[in-house]
Amino acid sequence: MTENAEPVGRREQNKIDTRRAIADAAFDLALSVGPGSFTVDQIAERAGVSRRTFFNYFHSAEDALTVRTDGFLDLALQVFGRMPQDEPLFDSIVRAFTETTRMEGLSQHGALFRMASTNPDLLRAQLHAWERAEARIVEGLRRRLGSDASELYLTALVGSVLSCTKAAMRDWAANTPGSAADSGLQLEGRILSALTMLRDGFSDPAPDADPLPGA
């Protein structure tokens, strides 16, 4: 289904399913043998497609691993677009993130972020995914705020949101064991805390403030 709940044609659905199968195969291999330790041919074989089909959708194995980032953003932007227009902007941003994580979770995104810290090719692909995300979020905010919002305001706001998200993920990766059963919830808590700090102007935390959610 599309964002407007219109049926997707069979051919388009086949493309979506193929792209998802390739991305799932790449992610499964990354989890089992580590990023950089498998080939495009292995991904294609696991996904049940040809090497040529793989390159119809992705440029590299690392590129296939960024699909989850793109998919999460697509969903979050759809949720954000349904928020009341008169709701404070940051409240809508936080609510959109929270509702999206309830639908999809963050454990796999956290796993990919952790993998990228030790694999330069995957890190490069993730940085490109973040850049794509920035442009698309700016466009989503422009639709919400209208033409009165300056380009500087939009890019500064989105850059700040993404920087807070990255900071939360780095803190999570450094302080949460990879085997933690609730690692996805801990990552969600850190991101929400960072976005709340940004919303509140980074006021000095109280000495007796509650710890991070999930910590």
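## Contacts of Leu141

Contact here means heavy atoms within 4.5 Å. By that criterion, and leaving aside neighbours within four places in sequence, Leu141 in this predicted model is in contact with Phe80, Leu89, Gly146, Leu154, Leu157 and Val158.

## Nonpolar cores

Leu141 is also one of the residues with the most contacts inside the largest nonpolar core, together with Ile137 and Ile191. That core has 34 residues. The elements that give two or more residues to this core are helix 5 (67-81), helix 6 (89-104), helix 8 (120-145), helix 9 (151-175) and helix 10. Helix 9 provides the largest share, nine residues.

A second core, separate from this one, has 21 residues. Among them are Phe27, Phe38, Ala47 and Phe58. As background, nonpolar side chains tend to be buried together in soluble globular proteins.

## Ser92 in helix 6

Ser92 is located in helix 6. Is Ser92 buried or exposed? Ser92 has a relative accessible area of 0% and is therefore buried, the cut-off for that class being under 20%.

Not counting residues up to four places away in sequence, Ser92 touches Phe80, Met83, Pro84, Glu87 and Arg144. Phe80 is also in the contact list of Leu141.

## Helix 7 against helix 8

Two packed helices are described by the angle between their axes and the distance between the axes. For helix 7 (residues 107-116) and helix 8, the axes come within 8 Å and cross at roughly 125°. How are helix 7 and helix 8 oriented to each other? The two helices are oblique, because an angle of roughly 125° falls outside the ranges for roughly parallel (under 35 degrees), roughly antiparallel (over 145) and roughly perpendicular (65 to 115).

On the helix 7 side, the residues that meet helix 8 are Leu112, Phe113, Met115 and Ala116. Their counterparts in helix 8 are Leu122, Leu123 and Gln126.

## Helix 9 and helix 10

Cys164 and Ala167 both belong to helix 9. Cys164 is buried, with a relative accessible area of 10%, whereas Ala167 is partly exposed at 36%. The C-alpha atoms of Cys164 and Leu195 are 6.4 Å apart, although the two residues are 31 residues apart in sequence. For Ala167 and Ala194, the C-alpha separation is 7.8 Å and the sequence separation is 27 residues. With neighbours within four places in sequence left aside, Cys164 is in contact with Ala194, Leu198 and Phe202.

Leu187 is in helix 10 and is buried, with a relative accessible area of 1%. Which residues does Leu187 touch, not counting residues up to four places away in sequence? They are Leu106, Gly110, Ala168, Met169 and Trp172. The C-alpha atoms of Leu187 and His109 are separated by 9.4 Å, with their positions 78 residues apart along the chain counted as the sequence separation.

## Phe202 after helix 10

Phe202, one of the contacts of Cys164, lies in the segment after helix 10 (183-199). Its phi angle is near 55°, a positive value in a residue other than glycine. At 46% relative accessibility, Phe202 counts as partly exposed, while its contact partner Cys164 is buried.

## Aromatic rings and charges

How many aromatic pairs does a search of the whole structure find? The search finds three. One of the pairs is formed by Phe54 and Phe55, with 5.2 Å from centre to centre and 85° between the planes. This pair is edge-to-face, because planes over 60 degrees apart are put in that class. Phe54 is buried, with a relative accessible area of 0%, whereas Phe55 is partly exposed at 37%. Ring pairs also bring in Phe58, linking Phe54, Phe55 and Phe58 into a cluster. Phe58 is in addition a member of the second nonpolar core.

Two arginines are placed over aromatic rings. The charged end of Arg68 sits over the ring of Phe27, 4.2 Å from its centre; Phe27 is another member of the second core. Arg114 lies over the face of Trp172, at 4.3 Å from the ring centre. Trp172 is also among the residues touched by Leu187.

Key: Residues numbered from 1 in each chain as written. Predicted model: local features only at pLDDT ≥ 70, side-chain atom pairs only at ≥ 80, totals over all residues. Heavy atoms only, no water. Helix = DSSP H or I, 4+ residues; strand = E, 2+ residues; numbered from the N terminus. Buried < 20%, exposed > 50% of the residue type's maximum accessible area, 1.4 Å probe, protein only. Phe/Tyr/Trp six-rings, centres within 6.5 Å; stacked < 30°, edge-to-face > 60°. Lys NZ or Arg CZ within 6 Å of the ring centre and 35° of its normal. Core = buried A, V, L, I, M, F, W, Y, C linked by side-chain atoms within 4.5 Å. Axes fitted to C-alpha atoms, helices over the stretch in contact; angles between N-to-C directions.
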